[in-house]
Amino acid sequence: GPSYEHILTETPKPGVGLITLNRPKALNALSSPLFKELNDALSKYDNDKDIGAIIITGSEKAFAAGADIKEMAPLSFAAAYSDNFIAPWSHLANTIRKPVIAAVSGYALGGGCELALMCDILYCTANATFGQPEIKLGTIPGAGGSQRLTRAVGKSKAMELILTGKNFSGKEAGEWGVAAQVIDGGKEELLATALKTAETIAGYGRVSVIAGKEVVNKSQELSLREGVEYERRLFHSLFGSKDQKIGMTAFAEKKKPDWSNE
Ligand code: CAA
């Protein structure tokens with residue numbers, strides 16, 4: 001595959017694209033060059049017919065310790081505004097259609113927390129460290145933290161976290177519904193769980209998986225009635241897919257479906 005400077009990419013299981021953030025000396029601080037590579041790798045996996053699910057992880061010590069503070073420190077308003085600083089970070093949430101799992105060990109602070117929240121499924125270790133510490137730097141979350149964390153934990157808790165900058169643990173992330181699963185153990189056990197889920201998802205038909213992700217994401221944007229109608233229309237449209245016939249016929253015949261991805 002392509003060679004990158006700040007990330008590693010591999011396909012450890014059939015259908016699974018694994019992206020490892022790899023700037024160990026800066027605790028995977030999310031610089032613009034790193035994000036450019038991350039977006040490139042995400043797009044390549046999204047466009048690769050052999051890939052059905054993507055995992056983003058970091059090191060044992062850090063998923064990512066935030067946006068790159070040293071890059072941001074001298075930035076002017078005019079430069080940030082006119083270059084639309086951090087807007088490329090929305091590529092994951094706005095463009096990537098295959099499921100993305102965040103596997104978080106260690107620090108997920110600021111932009112690192114926001115990156116994890118952008119992913120479709122979040123797994124973490126019990127002693128992972130999340131937080132939005134931007135207030136301590138004289139600023140606020142800039143990559144969706146105030147919106148996604150609030151939707152995940154509710155207004156009062158999000159206010160407390162964002163206005164005090166205090167951290168929360170992986171264990172708390174699980175209790176509050178930020179994380180789908182909290183893994184007892186370290187990076188190895190965490191990655192094993194993420195890989196298992198990614199493999200499961202990659203084993204289903206691509207069309208229904210993409211549709212499933214799309215309708216869940218719509219729930220974050222639409223009213224309940226609009227969301228339910230949107231879901232029903234997409235559900236209707238899947239009767240036009242081969243995989244719906246393959247899946248339901250296989251059930252009736254007590255066979256394993258052989259997905260066509262059509
Ligand atoms: N940006 C740039 N460099 C960073 C960084 C960041 N976000 N986080 C850590 N680093 C660098 C440190 O500067 C240090 O580099 P040097 O060796 O060259 O000094 C190296 O990574 C190791 O870090 P520490 O020595 O600080 O490691 P530690 O174990 O003592 O502490 C830590 C770990 C508590 C995570 C601490 O590094 C820290 O507080 N980092 C900053 C966390 C933060 O404030 N993140 C939010 C950034 S703002 C943001 O993300 C905006 C947004 O919403 C998009």
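Mentor: A residue is near a molecule if its C-beta atom, placed from the backbone, lies within 6 Å of it. The model is predicted: local features need pLDDT of at least 70, side-chain atom pairs count only at pLDDT 80 or more, and totals for chains, interfaces and linings use all residues. Numbering starts from 1 along each chain as its sequence is written.

Trainee: Which residues come nearest the ligand?

Mentor: The ligand has 22 residues around it. Nearest of these are Ala 29, Ala 65, Gly 66, Gly 110 and Gly 111.

Trainee: Which elements give two or more residues to that shell?

Mentor: Elements here are DSSP runs, numbered from the N terminus: helices (H or I, at least four residues) and strands (E, at least two). Those that qualify are helix H2 (69-72), strand E6 (107-109) and helix H5 (111-118).

Trainee: Which are the edge strands of the six-strand sheet?

Mentor: The sheet is open, with mixed pairing and the order E1-E2-E3-E5-E7-E10. Strands pair when DSSP finds at least two bridges between them. Pairing on one side only marks the edges: E1 (7-13) and E10.

Trainee: How many bridges join E7 to E10?

Mentor: E7 runs parallel to E5 (residues 100-104), with four bridges; Val 104 partners Cys 124, and Ile 101 stands opposite Ile 121. Towards E10 (residues 181-183), Thr 125 faces Ile 183. E7 and E10 also run parallel, and the bridges joining them number three.

Trainee: Why is E7 largely enclosed by the rest of the structure?

Mentor: Count C-beta atoms, placed from the backbone: a residue is buried if 20 or more others lie within 10 Å of its own, exposed if 12 or fewer, and partly exposed in between. E7 spans residues 121-125. It is largely enclosed because its buried residues number four of the five.
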